[in-house]
Amino acid sequence: MRVPLSWLRELTPLETRPTDRGEVAALAADLDALGLVVEGVEKVGEGLRDVVLARVLEIAAIAKADKIRRVVVDAGGPEPVEVVCGAWNFEVGDIVPFAPIGAVLPGEFRIEQRRMRGVVSNGMLCSGRELRLSEDQGGILVLGRDVGPVGPSVPEGVKRVDAGLELGLPLADYLGAAFEPDVVFDLAIEGNRPDCLCIAGIARDIAALVGLPLQLPEPVVEEGPEPASRYASVEVLAPQLCHRLIGKVLLGVSSVASPALIARRLTLAGMRPIDSIVDASNYVMLELGQPTHPYDLDRLAGHGLRVRSARPGEEIVTLDGVTRVLGRPPVGSRDSIPGSDCLICDAEDRPVGIGGIMGGQSSEISTEASRVLLEVGYFVPLAIARTARIVGLRSEASVRFERGVDREGMERAALRFCELVVDAARAAGVAPPVIASGLIDAESVAYVPLRIPVRAGRVGALLGTKIQDAELGRLLDPLGFVTRSPAGPGTGGLLEVEVPSFRPDVRREVDVTEEVARRIGYQQLPTSQRRSPYVGRLTDVQILRRRLKRILAGLGAHEAWTTSIVDPRDQLRGGVTVRLVALLNPMVAEESVLRGGLLPGLLGAARHNLSHRHPWLRLFEIGDVFALPGVATEGGSDSAPGLTREVSLELPEERELVGLLLTDLDDDAGAALNAWRVVADALRLEDVELRPASHEGMHPARTAEVVAGGTVLGVVGELDPETLQEYGLVQPRAGWLELDLHKLAAAPLRPLAARPVSRFPSSDVDLAFVVDDSVPAAAIEVALGRAAGELCESVELFDVYRGAAVREGSRSLAYRLRFCALDRTLTDGEVAGLRSQCIAAVETKHRATLRS
Amino acid sequence: MTTASAEEMAQLEADATAALAGAGDIAQLDERERVAFRSKRSRFAEMYQKLGSTPPDERRVLGRLLNELRGRLEVVANARRAELVAAARIERLAADRLDLTEVLPGRLQGHLNLVTQTREALEDVFVGMGYEIAEGPEVETGWRNFGALNIGEDHPARSPLDTFYVDFGEPWSVLLRPHTSPVQIRLLERGVLPIYAVAPGRTYRKDTPDSTHLPVFHQIEGLVVDRGVTFADLKGTIDTFVRAVFGDGTRTRLRPAYFPFTEPSAEFEMSCVICGGDGCRTCSGVGWIELGGCGMVHPAVFEATGVDPEEWTGFAFGFGIDRIAFMRHGISDLRVMIENDVRFLAQF
C-alpha cells in the first residue's frame with residue numbers, strides 16, 4: 001500500500017513535513033511500531049523549484065558525435081544557454097524543463113558544467129523520469145509545442161503549456177500545488193488488517209497513536225429532484241455471497257480529465273489516471289477502502305443489476321479479455337460448493353462482472369457514457385477468496401473484498417464518488433452531472449455490530465500488566481471501538497466492546513487484547529523472565545545423532561545436506577527401489593518425488609565435487625527418507641522385514657537414515673566395513689553380525705546387511721561399479737554404509753557393568769586354517785570364540801592368504817587368540833588344552849584344516 | 001718413597017689423562033684405557049708389580065697413591081666415555097632427521113555442516129533454558145499444519161502455489177510442512193503440560209531457488225505453555241535466547257504482525273550483529289535485522305487440541321536456522337548450501 005504523506009495529512013493533521021528527514025523517519029518508526037511495516041520511503045517532487053521552463057531555440061549536430069546534439073535554449077535569462085543533449089524527441093520551439101548549473105535533481109543529482117566532444121554544456125534538459133514525474137524515459141518532457149499537439153510524454157495531471165508562457169518560471173510554480181514535495185510510504189499491510197488497505201485506515205491508526213483527530217471526508221453532494229430508483233434497479237439473489245448492494249445514478253456525465261491533485265495522488269499511489277469517472281472510483285477505493293464499479297447505464301440491459309451465484313461452467317470474459325469459467329471447485333481444495341461464485345448480471349440476467357473481483361468486458365465504461373450507475377457492494381470475504389483462487393485472478397478490489405471492507409462505509413463511498421466526479425467537471429469547466437436523489441439499495445443480510453465481552457483483568461494478565469476498566473475505553477475508542485460497562489462501573493472488569501464495522505479481524509477477547517497491546521506499544525509493555533520447571537536434556541536419539549555425526553566426521557567424512565525433493569529417475573539410478581512418495585504439485589518434473597534413500601543425493605554431491613576436481617572425499621548425511629507403505633516394487637531386499645519404523649495410516653512412511661559414502665583414495669567395501677566397526681565399537685553395540693545380502697545399487701558380491709540383536713540396522717559394502725558409472729564418477733570403487741537411526745538407537749548395548757581386567761600375564765595362540773571360500777570368516781571366528789571359552793580375551797583375524805600354498809577355492813585365515821585368567825597365570829598345559837579344543841571345534845564344524 | 005717413582009707416577013698420570021681425554025671414539029677410549037691401566041703390561045701394572053720389591057713402609061704409601069691414581073684415571077675415562085656416548089647418540093639421531101614439512105598429508109577430520117552446527121548451538125541454548133528438543137515428521141497432515149493452527153480453508157498459505165502436497169490418502173490432505181509449527185500441535189496433542197520445547201527441522205515451500213530462497217530449508221520453533229504465561233514472558237524469553245546466541249550486547253524488539261495461530265502476534269528483530277545498530281549493508285541501513293515471528297498462542301489452537309485456554313496460556317516463536325548461519329558467516333547466496341562442495345564444507 002503506497003501512502004502519500006500529503007493525503008495522510010488531509011485525513012489527520014500530522015505536522016510531519018515531507019522535507020524534514022528526521023520528522024519523516026519518526027513517522028516511519030511510528031508506522032512500524034503499529035505493525036504497518038514501512039518497506040520503503042520515497043521522496044517525490046524534489047528539485048522542481050530548481051528546474052525552469054525553457055524554449056528550444058536551436059538544435060545543431062556536433063562533429064563526430066551521432067548520439068548527442070548541441071541545443072540552445074531560452075530559459076528566460078538575458079542570454080541564451082547552450083547545452084548538450086542526448087534526446088531526440090523535441091523540436092525547435094518546444095517548451096522543455098531545463099535544469100541550470102547548480103540545480104539539484106531528485107536523488108541528490110547536482111547539475112554541473114560539463115564538456116562533451118568539445119562542446120560545453122551549461123545545464124540539462126530533463127525527462128519525466130529524471131524529475132520523478134513519470135516513468136517516461138523516452139526523451140525530454142515536452143511541455144508545449146509552437147505548432148500542433150504535444151507529444152505523448154506529458155505525465156497525467158500536467159497541463160500543457162501555451163505559447164505565451166513565461167520562460168524561466170520554476171517548474172514547481174508551473175505544476176502547481178499538486179506537485180509540492182511529498183513523501184510516499186510503501187507499507188506492507190498484514191492480511192488481517194483490511195481497514196489499513198486505504199489511507200483513512202492508516203490515518204485512524206496513526207491519529208490514535210499521536211493523539212490527533214481523524215478527519216474522514218464528509219462528502220457534500222447536491223442531488224437532483226428525481227429519485228435514483230426511477231432510472232435503475234438493483235437486486236441481490238445470493239445473500240450467501242453478497243450482503244448488500246447499493247447504487248447511485250449520475251446523469252449527464254461528461255468525460256473529463258481529473259484535476260491535477262487527484263491525478264497526481266493516484267499516480268503516487270501507483271494507479272494510472274484514466275478519466276474522472278474511473279479515477280473517482282479508484283480514488284474512493286484508495287481513500288476509504290471501498291471498491292466501486294461504475295456502469296454505463298445505457299448499455300446495461302434492463303437498466304439494472306442483479307447479483308446471483310454462477311451456474312456450473314458459466315463463462316464470462318473479464319475486462320482483461322480473458323474468458324473465465326465459473327462454478328468449479330478450486331484446485332487444491334476438497335470442497336466444491338456449487339454456486340459459490342458471485343456474478344453481477346444485468347437486469348436481463350446476462351453476466352456483466354464477477355462480483356467483487358473484476359468487471360466483464362461488456363460492462364467496460366466508455367468515454368461516451370452520459371448516464372452512470374455506480375455499484376457499491378459488500379461481498380462475503382470467504383466467497384471472494386474462493387472465487388479469486390478458482391479463476392486465478394487477484395485485483396485491487398478482490399484483495400479488499402476477500403479480507404473484508406467496511407460494511408457501514410458504503411454510503412460514504414458512494415457519495416464521495418459523486419462528489420469527486422462533480423468536482424472534476426467543475427474544475428474542467430464543463431457542466432457537472434446531476435446526481436439522482438437517494439440510493440437504490442438491496443440489502444439481503446442486515447448488519448449487526450459485534451459486541452464482545454471483555455475482561456480488562458484478563459487482557460492485562462495476558463499482556464503481563466495491569467489494565468483498568470477505564471483504560472480500556474481510552475485505548476480502544478480512538479480506533480473506532482465503543483467500550484461500555486453494561487452493568488455499570490465496578491462489575492468485576494467485565495466490559496462490552498463494540499467492534500467497528502471496518503475491523504473484521506477483531507472477533508474475540510484475545511483480538512481486543514492485541515489492539516490494547518498495539519495501542520500501549522509492544523516496546524512499552526513490560527518484559528519478564530519465565531523459567532522452565534524442567535531440566536533440559538536431549539533425548540537418546542538426539543544424543544545418538546550428535547555422536548554419530550562426530551564419529552563419522554572423525555572418519556574424515558564431511559556432513560552434506562541434500563535436497564529431499566528429487567527426480568524419480570535419479571532415485572532409480574541410485575538404487576532406491578521403495579515406492580516413492582510423489583508430489584501433487586511439483587515445480588518441475590526433476591523435482592517431483594520425495595527421496596526414498598540418501599545414496600542418490602550423496603552421489604550427486606560427489607559428482608558436483610568431481611566436476612570441481614575433488615574426486616577423493618568422504619561424505620555423510622543424516623536425514624529423513626520417505627516411502628509409501630508396503631513392499632518394494634522390485635525384488636530388492638531392502639524391503640526386508642523389520643525395516644519399517646512405524647506404520648501410520650495418516651502419513652507415508654518416514655525414516656531417518658544415516659548414509660556414509662566413501663570415495664576417498666582406495667576406499668572400498670573394506671573401508672565401509674571398518675567405518676561400521678568404528679561406529680559399532682564407539683556406540684558399544686553388542687551382538688553384532690553381518691549377513692551377506694544383495695542390494696539394489698550395490699556390488700552383488702561385496703555387500704552385507706548389518707544386524708544387531710537380530711534386527712537389520714542397514715547395509716554395508718561396496719557400490720555396484722555400474723552405479724558409479726551412472727553418476728559419471730571415476731573412482732574404481734566406493735564404499736557405502738547406511739543405517740536406520742532409530743533402529744540403531746534401539747540396538748542392544750554392551751552391559752554397563754565394568755568387566756575386570758586381569759593382572760596376570762596372558763598367552764597368545766596363533767592358529768591358521770585353510771578354509772573353503774564358501775565359509776565366511778565370521779563363522780570361523782564365532783566357532784573359535786565359543787571353543788575358547790571364558791578364558792579367551794580376544795580373537796583377532798590377522799592374516800588372509802590366497803595363493804599357491806593353499807588349495808584353489810580356499811584361503812588361509814590366521815587368528816591370534818589371547819588367553820588370560822583373572823586369578824592366575826595360565827599353565828602351558830592349560831593353554832595347550834584350549835588350543836586343541838579350538839582346532840577341533842573349527843575342523844569339525846567347518847570345512848577347514850589347520851595349516852601346518 | 002723415591003723421588004723417581006713419584007715423578008714416574010706424575011708422568012704416568014699426565015700422559016694417561018691426556019690420552020684418555022683425547023680419545024676420539026669408544027674403541028680408541030677402550031684401547032687407551034687398556035694401555036693406561038687395565039692391561040697387565042701397562043705402565044701402571046708395571047709400577048704395581050714393582051711394589052713387591054719396595055720396603056713395606058714405602059709399599060703401603062705407594063700402594064695407596066697408585067690406587068688413588070687409578071681412581072682418578074677411571075673418572076677421566078668414564079667422563080670421556082659419557083661424552084662419546086652422548087655425541088654418538090646425537091649423531092645417530094641427526095642421521096634420522098625428518099623434515100616435518102615434507103610429511104604427506106593424511107586424512108583430516110570431516111566437518112559438520114553449518115546447518116548442524118547452528119542447529120546444535122541453538123538447541124544447546126534452549127536445553128540450558130530447560131527446554132526439550134521436540135521433533136516431528138516432515139510430511140504432515142493438513143490438519144496439524146493448518147487446521148489446528150487456526151489457518152482457514154481459504155488462507156493463501158494452503159494454496160498449491162505455496163505449499164507442496166504429496167500424493168497420499170485423501171487428495172490435498174497431506175503435505176510437506178511449510179513450517180515447523182505442526183510440532184506445536186503434536187506437543188499439545190501429547191497432553192503433557194506445561195510445555196517448554198523447541199522444534200528444529202527441515203521445512204519446504206514452493207520457492208524457486210535463488211540467492212535468498214530454497215524450496216528446502218530449516219526452521220526452529222519454540223512453544224511454551226504454562227499457567228499464567230504472558231506477553232511480557234515472551235519478550236523476556238526472546239531477549240534471553242537472542243543474547244545467548246548472539247552475545248550479551250544484542251538488543252531485541254517486537255512489532256505487531258499477523259499470524260493466524262498467535263494473538264497478539266509480533267515480528268521480532270535484533271540489533272544488527274554487524275554494525276551493532278548503527279546501520280550497515282547487512283541490515284539495509286536500519287540497524288535492525290528481522291529474525292522471525294512470535295506471539296501468544298491463539299486460544300483457537302488450544303481449543304483444537306483440547307487444552308483449556310482459560311487455564312493455560314502460552315507463547316510460540318519461530319525463525320530460520322539457515323539464515324542465522326548465513327548471517328554469522330557472511331554468506332550471500334543460499335544455493336551454496338545444497339551443492340555440498342568440499343571447498344565450502346571444509347571451511348567451518
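Reader: How many salt bridges are found over all chains of the structure?
Author: A salt bridge is a side-chain nitrogen of Lys or Arg within 4 Å of a carboxyl oxygen of Asp or Glu. The structure is a predicted model. A search of the whole structure on that criterion, over all chains, gives a total of 100 salt bridges.

Reader: Which residue meets E498(A) in a salt bridge, and in which strand does that residue lie?
Author: E498(A) belongs to strand 28 (residues 494-498) of chain A, and its partner stands 47 residues apart from it, so the pair links distant parts of the chain. The N to O distance is 3.2 Å. E498(A) has 15% relative accessibility and therefore counts as buried, whereas its partner, at 42%, counts as partly exposed. That partner is R451(A), in strand 26 (residues 451-455) of chain A.

Reader: Which residue of chain B pairs with D664(A)?
Author: D664(A) lies in the loop between strand 33 (653-663) and helix 16 (669-682) of chain A, and its partner lies in the loop between helix 4 (56-95) and helix 5 (114-128) of chain B, so the pair joins two chains. D664(A) is buried, with a relative accessible area of 17%. The partner, at 46%, is partly exposed. The salt bridge, at 2.7 Å from N to O, is formed with R107(B).

Reader: Is R811(A) buried or partly exposed, and what is its relative accessible area?
Author: R811(A) forms a salt bridge with D773(A), the closest N and O atoms being 3.9 Å apart. R811(A) is in strand 40 (residues 810-819) of chain A and D773(A) in the loop between strand 38 (763-772) and helix 19 (777-788), so the pair ties together parts that are 38 residues apart in sequence. D773(A) is partly exposed, with a relative accessible area of 37%. Buried means under 20%, and R811(A) is buried, with a value of 7%.

Reader: Which residues of chain B are linked with R545(A) in a network of salt bridges?
Author: The network includes R545(A), R546(A), R550(A) and E656(A) of chain A. Linked with these in chain B are R119(B), E120(B), E123(B), D124(B) and E135(B).

Reader: How far apart are the end C-alpha atoms of helix 9 of chain A?
Author: Helix 9 (residues 410-428) has 19 residues, and at 1.5 Å a residue it should span 27 Å. Its buried residues include M410(A), F417(A) and L420(A). Just after the helix, G429(A) takes a positive phi of about 80 degrees. The separation of the end C-alpha atoms agrees with the expected span: 27 Å.

Conventions
Residues are numbered from 1 along each chain as its sequence is written. Chains are lettered from A and ligands numbered from 1 in the order in which they are written. This is a predicted model: local features need pLDDT of at least 70, side-chain atom pairs count only at pLDDT 80 or more; totals for chains, interfaces and linings use all residues. Side-chain values use heavy atoms; hydrogens and water are left out. Helices (H or I, at least four residues) and strands (E, at least two) are DSSP runs, numbered from the N terminus. Buried means under 20% relative accessible area, exposed over 50%, partly exposed in between (1.4 Å probe, protein chains only). The expected span of a helix is 1.5 Å times one less than its number of residues.
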